[in-house]
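Work through the exercises below with the structure open beside you. Try each task before you read its solution.

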Amino acid sequence: GNHTLLTEFVLSGLSNHPELQHLLFFTICLVYSMTLIGNLLICMLTVHPALHMPMYFFLRVLSLLDISTATVVVPKMLVNLLSEDRSISYLGCVTQLYCVVFLAATEWYLLAAMSYDRYVAVCSPLRYSAIMNTRACLSLVLLSCCSGKVVSVVQTAWMFTLPLCGPRRINYFFCDIPPLLMLSCTDTSLYEKQLISATVLVIFTPFCLILLSYTCIISSILKISSAEGRHKTFSTCSSHLTVVTLYCASGTLIYLQPKSSNSQDAKKILALIYTTVIPTLNPLIYSLRNKEVKEVLIRVM
């Protein structure tokens, strides 16, 4: 009864050392610029007639999600690096949390859809065009977005039904569930169990589907007689596996221990990788390891 409900928050940012603020600003600004340029390039290249295939349609959607994820987090972080006023309104915090959870959950379900696309391409090549038609691809993307929206609405609503009494300083560079839980003045054990369940649902369920798809894919690849054929088939899947590994490692480490104050600095680094670095790496991973994308890039240039 002695607590005052919060109407705004203060984001502590990445570092409390003033001498590092300008260096961090220019570094993150460079990374964000690379994210925008790389993902916009992927979006433009994948509309080329030579890349009118389901795999590149999903890649284009993934690039749009990566741009959105970085844009929800990075501009506010850049402003805070150069400003002494690092406050964010209550509504702004709610909106940012909703968008971050929605985009992250949608990406996970989209990665599962991309693994299914690779499974059909490798294990049922003769039926690929019939199974992965335009309607099926749009349905998988829509299902991913709807699933992400449900997860985001539930998590955001539940998070902000908890009484957040202070201090109003969030030891993070954006509004996310783990640092907000540190501000709650009530027992959050039930919510933490629910968050772990949601993490399992959002990360490990798609991951299990991805694992199952690639088990079947690898089994089919091993049956290919020529070494060149095996290498070509596996190279189309290795980029996707690399991205899945990066997302899985950072996401699970952030959300499986939601209220651990000892690991808060480590979570900042992981969250920075998840929201800023991985969106920059995705275009490089998919383009540098993909012969068709490189050929279209050279043709366009």
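**Exercise 1. Contacts of one residue**

Task: Find the residues that Leu111 touches, not counting residues up to four places away in sequence.

Solution. Step 1: apply the cut-off, since contact means heavy atoms within 4.5 Å. Step 2: list the partners of Leu111, which are Leu62, Ile210, His240, Val243, Val244 and Tyr247.

Before going on, note what kind of model this is. It is a predicted model, where local features need pLDDT of at least 70 and side-chain atom pairs count only at pLDDT 80 or more, while totals for chains, interfaces and linings use all residues. Residues are numbered from 1 along each chain as its sequence is written, and side-chain values use heavy atoms, with hydrogens and water left out.

**Exercise 2. The nonpolar core**

Task: How many residues does the largest nonpolar core have, and which have the most contacts inside it?

Solution. Step 1: recall that a nonpolar core is a set of buried Ala, Val, Leu, Ile, Met, Phe, Trp, Tyr and Cys residues joined through side-chain atoms within 4.5 Å. Buried means under 20% relative accessible area, exposed means over 50%, and partly exposed is in between (1.4 Å probe, protein chains only). Step 2: the largest core has 82 residues. Step 3: Phe58, Trp108, Leu111, Met159, Ile170 and Leu180 have the most contacts inside this core. Helix H3 gives the most to the core, with 16 residues.

**Exercise 3. The sheet**

Task: Give the order of the three strands and say which ones are at the edges.

Solution. Step 1: helices (H or I, at least four residues) and strands (E, at least two) are DSSP runs, numbered from the N terminus. Two strands pair if DSSP finds at least two bridges between them. Step 2: the order is E2-E1-E3, in an open sheet with mixed pairing. Step 3: the edge strands are E2 (87–89) and E3 (169–170), and each pairs on one side only. Step 4: take the pairings in turn. E1 (residues 8–11) and E2 run antiparallel, joined by three bridges. Here Glu8 stands opposite Ser89. E1 and E3 run parallel, joined by two bridges. Here Leu11 has Ile170 as its bridge partner. Step 5: add the helix. H3 (residues 90–123) lies across E1, E2 and E3, and runs at about 85° to E2. That angle is between N-to-C directions on a scale from 0 to 180 degrees, with axes fitted to C-alpha atoms, for helices over the stretch in contact.

**Exercise 4. Cysteines**

Task: Which cysteines form a disulfide?

Solution. Step 1: a disulfide is a pair of cysteine sulfur atoms within 2.5 Å. Step 2: Cys93 and Cys175 form one, with sulfur atoms 2.0 Å apart. The link is left-handed, with -120° about the S-S bond. Step 3: locate the ends. Cys93 lies in helix H3 and Cys175 in the loop between E3 and helix H6 (177–181), so the pair ties together parts that are 82 residues apart in sequence. Cys93 is buried at 0% relative accessible area, and Cys175 is buried at 0% too. Step 4: check another cysteine. Cys123 is in no disulfide. The sulfur of Cys216 is 5.7 Å from that of Cys123, too far for a bond. Cys123 is partly exposed at 26%, and Cys216 is partly exposed at 29%.

**Exercise 5. Arg86 and Asn80**

Task: Is Arg86 buried or exposed? Where is Arg86 placed?

Solution. Step 1: Arg86 is buried, at 16% relative accessibility. Step 2: Arg86 is in the loop between helix H2 (54–82) and E2. Step 3: leaving aside neighbours within four places in sequence, its contacts include Phe9, Val10, Gln21 and Asn80. Step 4: turn to Asn80, which is found in helix H2. Asn80 is buried, with a relative accessible area of 4%. Beyond four places in sequence, Asn80 is in contact with Leu11, Asp85 and Arg86.
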